Amino acid sequence: HDLDYDIDLYFKSIAAEPFLETIKDGKVSTPASETINGNKALVGEITGKIDQTPIYYKLGVVETPSSFYQIITWTRQDNKEQMESDMTHMIDSFKELPQIENEAPHPAVNTDSIKNSAP
């Protein structure tokens, strides 16, 4: 596994931290550990205000063997009860598409930079 983060650090530092810097009175819940389509995941809630409007986010971070993915859903706090099950369903439906070998990015080789070691 060549990821530089574990999922807990990724959730806290990469996914949740930007919210706290951009919303007023931002609070992040302790995320719950889940398994989403066979992948380790953390799902947490973030509350705060944007322009005095109370906002509710449900944030999912999914770790696959090669990547971390963030699924961010949100609504106004007064719609939370009505929308939360849909938000959970969206996060729980995450699937990583198979990587097709020839579609993966390959760095171009600069032939000028290759030193010929033959005498």
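Let's start with Tyr69, which sits in between the two extremes: its relative accessible area is 23%, so this residue counts as partly exposed. Keep in mind that the model is a predicted one. Tyr69 belongs to strand S5 and has an aromatic partner, Phe94, which lies in the segment after helix H2 (80–92). The two residues are 25 apart in sequence, so the pair links distant parts of the chain. As for geometry, the ring centres of Tyr69 and Phe94 are 4.9 Å apart and the planes make an angle of 45°, which makes the pair tilted. Phe94 itself is buried, because its relative accessibility of 14% falls under the 20% cut-off.

How many aromatic pairs does a search of the whole structure find? The count is three. Another of them joins Tyr10 and Phe68, and here the rings are stacked, because their planes are at 20° and anything under 30 degrees counts as stacked. The centres of these two rings are 4.4 Å apart. Tyr10 comes from helix H1 (residues 7–22) and Phe68 from strand S5 (residues 68–76), so this pair ties together parts of the chain that are 58 residues apart in sequence. Are its two members buried or exposed? Tyr10 is buried at 12% relative accessible area, and Phe68 is buried too, at 14%.

Now step back to the overall layout. The protein has two helices and five strands, and along the sequence they come in the order α-β-β-β-β-β-α. Contacts across the sequence show up in the totals as well: take the contacts between residues at least 6 apart, and 44% of them join residues at least 24 apart. On the burial side, 27% of the 119 residues are buried. The protein exposes about 8500 Å² of surface, and carbon and sulfur atoms supply 51% of that.

One more stop is worth making, at Asn39 in strand S3 (residues 39–50). Is this residue buried or exposed? With a relative accessible area of 16%, Asn39 is buried, since the limit for that label is under 20%. Who is around it? If you set aside the neighbours within four places in sequence, Asn39 is in contact with Glu34, and also with Val62, Glu63, Thr64 and Pro65.

Definitions and conventions
Residues numbered from 1 in each chain as written. Predicted model: local features only at pLDDT ≥ 70, side-chain atom pairs only at ≥ 80, totals over all residues. Heavy atoms only, no water. Helix = DSSP H or I, 4+ residues; strand = E, 2+ residues; numbered from the N terminus. Buried < 20%, exposed > 50% of the residue type's maximum accessible area, 1.4 Å probe, protein only. Contact = heavy atoms within 4.5 Å. Areas by Shrake-Rupley, 256 points an atom, 1.4 Å probe, with all protein chains shown as cover. Phe/Tyr/Trp six-rings, centres within 6.5 Å; stacked < 30°, edge-to-face > 60°.
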